[in-house]
Amino acid sequence: MLLEEECDVSAEVIKVLLVEDDASDAAGIRRMLEDSQNPVFCIEIVDQVQPGFGRLTSGGIDIVLLNLSLPDSQGLDTFTHFNTHFPYVPFVVLADTNDEDLAIRVVKDGAQDYFVKKDLNRAQLVRAIVYALQRNVASIRKQQTIARLEDLSETKSQFVAEASHELRTPLAIVREFVSLVHDEVVGPVVDKQKECLASAIRNCDRLTELINKMLDLAKIEAGRMELNRDKTDVSRLLKLCYEDFLPKTRARGQNLFYDIPDSLPAAYCDSNSVSNVLINLVGNACKFTPDGGTIRLGCQQEGQFLAVWVQDNGRGIPPEAKEKIFQAFYQFDRENGPGAKGTGLGLAIAKHLVELNGGYMSVDSEPGKGSKFSFMLPLYQKEAVYRILIVDDEEMIVRTVMRYLNGSKLNLDIKSTFSGLEGLIIAGQFNPDLVILDVNMVEVGGMKVLSLFREKMYQGCGKVLLMSGDENALKEYKEKGADDFLAKPFTSADLIKKLVSLLKIERRRR
Amino acid sequence: MGGRDMADKKKILLVEDEPEFRLGVRMRLESKGYEVIEAEDGAVGLDKARNMAPDLIILDVMLPKMEGYQVARLLKFDAKYKPIPIIMLTARTQKSDKDMGSAVGVDAYLTKPFKAEELLEIIVRLLEKT
């Protein structure tokens, strides 16, 4: 039932729909808002979901204040119901005292803010509504931008695919005719002519490689690279790569070695792409190592990863180039001396492929001291062991969390640290599935640690659960990259519930 | 080529819609002693495959009138023509193309541009098998 008349439409007025069945609460809120001079509110009140729907459908409502426990709906269902049908309208949730946990959940699900009714005052409510409106606009704009960017990326990928297919046939024809003349199929050629033609053929092959690599890169960037990750014996891939390159290195008097321990755990990765990465790295090593130089391939277990590396004693990479070396089309050799030019795409693709396999890549090099390119691959796990890293500077919290975790029925491998910075280092080797991170640490704040995790770490960082006694952190956490939020103090049940929901998602993705 | 016995000359059917590409491949194959029959689309290709008894077929994936895979499937699912080796040519590098090729039962797969030596090697290998 619509209890109040609709307001006059005026541009400067914020039109609020209050969905509240308690008449005195509703009257109280109405009074708070009507007192406001700047901004001016126009309030309409309904006492059930159905009329609320009806009113929203007619349009003209800027924001909804929603009580979750209405007679014809309950709690989360109420909000979900509204939000699904009106995704662009901001909602501020009103909760009764004992609904606070629920209110936190609906905010996570997309409501702009929540209030416990008995704590409400006018200034707070007005401010909350204004901010909710602003955030909503920003959020819609962000969603639209993301959609547009994803669209553009897909379009780009399609364009590159089309263009590369179109380029191939004429290129094939050029190559074939030039090589027909070179091979003397259509008549004799003198040596000098042969040389010219050989050069033309080589460049046809360069073009082919460039087209293939551009296509790969576009596919990867559009998220359409198909990988088959499985239990893989990386030492076998290394040996195959070694055998492939042996003739080439022998021809230049280079020494090629491999360093593989007798027992090596299996990695979890796609063998084709890892082979491609190896071919790229070893190819580069050969190119940038002088005749007579040495190239080593190796792998070993490092924590929860398999580390693989290619090391050469060639000319090394200066610091300015090191920063750019993984960028697409950056050609190190363009500025640094003779030798056949590459495509500039190999390392960019290699880095992407490693990351798609759940690993990360790095380079260690100095001019004159050679280079070592390494990458990490996650180990193959037969049974699901979830790795948890707890980061909190309060010892009691860490002990409590560990107690809760050990009390769960889950198969967990738990590490902890009191330092955010140490946490980053540990995560690099440990590869946690979940990081439980405190927001308010003294040395380096949790939010900063969180952004560092998301920045520096490879994509497989896993989920981050933020802990805090501070409700304001709630609003920021999603933007900073946390996957969920746990308000202190919390019970064992609270923690385990979050854990199970976060890790289940993680498991399917991997 | 002059001194060869006609019976020795292997017949290769080349089904490809780009005339210049056909010309280049024809010149290469003839220089190696093969007899070349050409077809400019899938329908003509299928017809010639059935009526001219080629020893090997080079078949492009993208063809007018009838798709390369369609031609390949019709030949491979017919006991009479199944033994003729088929090399699929493509400008595309999708994994799905290769899967399609294996599903139909083609004998080899080459991506354009390819090196003439590669094509010739595959032809020799496939002809030796039959």
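Is Ile129(A) buried or exposed? In this predicted model, Ile129(A) has a relative accessibility of 0% and therefore counts as buried. The residue belongs to helix H5 of chain A, which covers residues 122-182. Apart from neighbours within four places in sequence, Ile129(A) is in contact with Ile14(A), Val16(A), Leu33(A), Phe41(A), Ile63(A) and Leu65(A). The C-alpha atoms of Ile129(A) and Asp62(A) are 9.7 Å apart, although 67 residues separate the two in sequence.

**Overall description of the model**

The model has an ipTM of 0.85 and a pTM of 0.60. For chain B, the mean pLDDT is 88, and 90% of the residues of that chain reach 70 or more. Where pLDDT is low, the predicted coordinates should not be read in detail.

Chain A contains 16 helices and 17 strands. Of its 510 residues, 49% are buried. Contacts in chain A between residues at least 6 apart in sequence join, in 70% of cases, residues at least 24 apart. The accessible surface of chain A is about 25,800 Å², and carbon and sulfur atoms account for 50% of that area.

**Nonpolar cores**

The largest nonpolar core comprises 45 residues. Leu238(A), Val277(A), Leu281(A), Met361(A), Phe373(A) and Phe375(A) have the most contacts inside this core. Helix H8 of chain A, residues 271-288, gives the most to the core, contributing 8 residues. The surroundings of Phe373(A) can be listed in detail: beyond four places in sequence, this residue touches Leu281(A), Val308(A), Trp309(A), Val310(A), Ile317(A), Ile325(A), Phe326(A), Leu347(A), Ser362(A) and Val363(A). A second core, separate from the largest, has 26 residues, among them Val64(A), Leu68(A), Phe86(A) and Val116(A).

**Strand pairing around E9 of chain A**

Strand E9 of chain A, residues 294-302, pairs with two strands that are described here. With strand E7 (residues 255-259) of chain A, E9(A) runs parallel, and 5 bridges join the two. With strand E10 (residues 305-312) of chain A, E9(A) runs antiparallel, through 8 bridges. Gly298(A) takes part in both pairings: this residue is the bridge partner of Asp259(A), and it also stands opposite Trp309(A) in E10(A). Trp309(A) is in turn one of the residues touched by Phe373(A). The hairpin of E9(A) and E10(A) has 2 residues between the strands, and Gly303(A) in this hairpin takes a positive phi near 60 degrees.

**Cysteines**

How many disulfides does the structure hold over all chains? The number is 0. Cys286(A) is accordingly in no disulfide, and the nearest cysteine sulfur, that of Cys241(A), is 8.5 Å away. Since a disulfide requires cysteine sulfur atoms within 2.5 Å, this pair does not qualify at 8.5 Å. Cys286(A) is buried, because its relative accessible area of 4% falls under the 20% limit. Cys196(A), by contrast, has a relative accessibility of 56% and counts as exposed, because the limit for that class is over 50%.

**Backbone features in loops**

Cis peptide bonds and positive phi values at residues other than glycine occur in loops of both chains, as the table sets out.

| Feature | Backbone angle | Loop |
|---|---|---|
| Cis bond, Asn38(A) to Pro39(A) | omega near 5 degrees | Pro39(A): between helix H1 (23-34) and strand E2 (40-46) of chain A |
| Cis bond, Lys112(B) to Pro113(B) | omega about -10 degrees | Pro113(B): between strand E5 (108-111) and helix H5 (116-129) of chain B |
| Positive phi, Phe329(A) | phi near 70 degrees | between helix H9 (319-324) and helix H10 (332-335) of chain A |
| Positive phi, Lys65(B) | phi near 75 degrees | between strand E3 (56-60) and helix H3 (68-76) of chain B |

Which accessibility class does Phe329(A) fall into? At 47% relative accessibility, Phe329(A) counts as partly exposed, because this value lies between the 20% and 50% limits. Lys65(B), with a relative accessible area of 70%, is exposed.

Notes
Residues numbered from 1 in each chain as written. Chains lettered and ligands numbered in written order. Predicted model: local features only at pLDDT ≥ 70, side-chain atom pairs only at ≥ 80, totals over all residues. Heavy atoms only, no water. Helix = DSSP H or I, 4+ residues; strand = E, 2+ residues; numbered from the N terminus. Buried < 20%, exposed > 50% of the residue type's maximum accessible area, 1.4 Å probe, protein only. Contact = heavy atoms within 4.5 Å. Areas by Shrake-Rupley, 256 points an atom, 1.4 Å probe, with all protein chains shown as cover. Core = buried A, V, L, I, M, F, W, Y, C linked by side-chain atoms within 4.5 Å. pLDDT = per-residue confidence, 0-100. Pairing = 2+ DSSP bridges.
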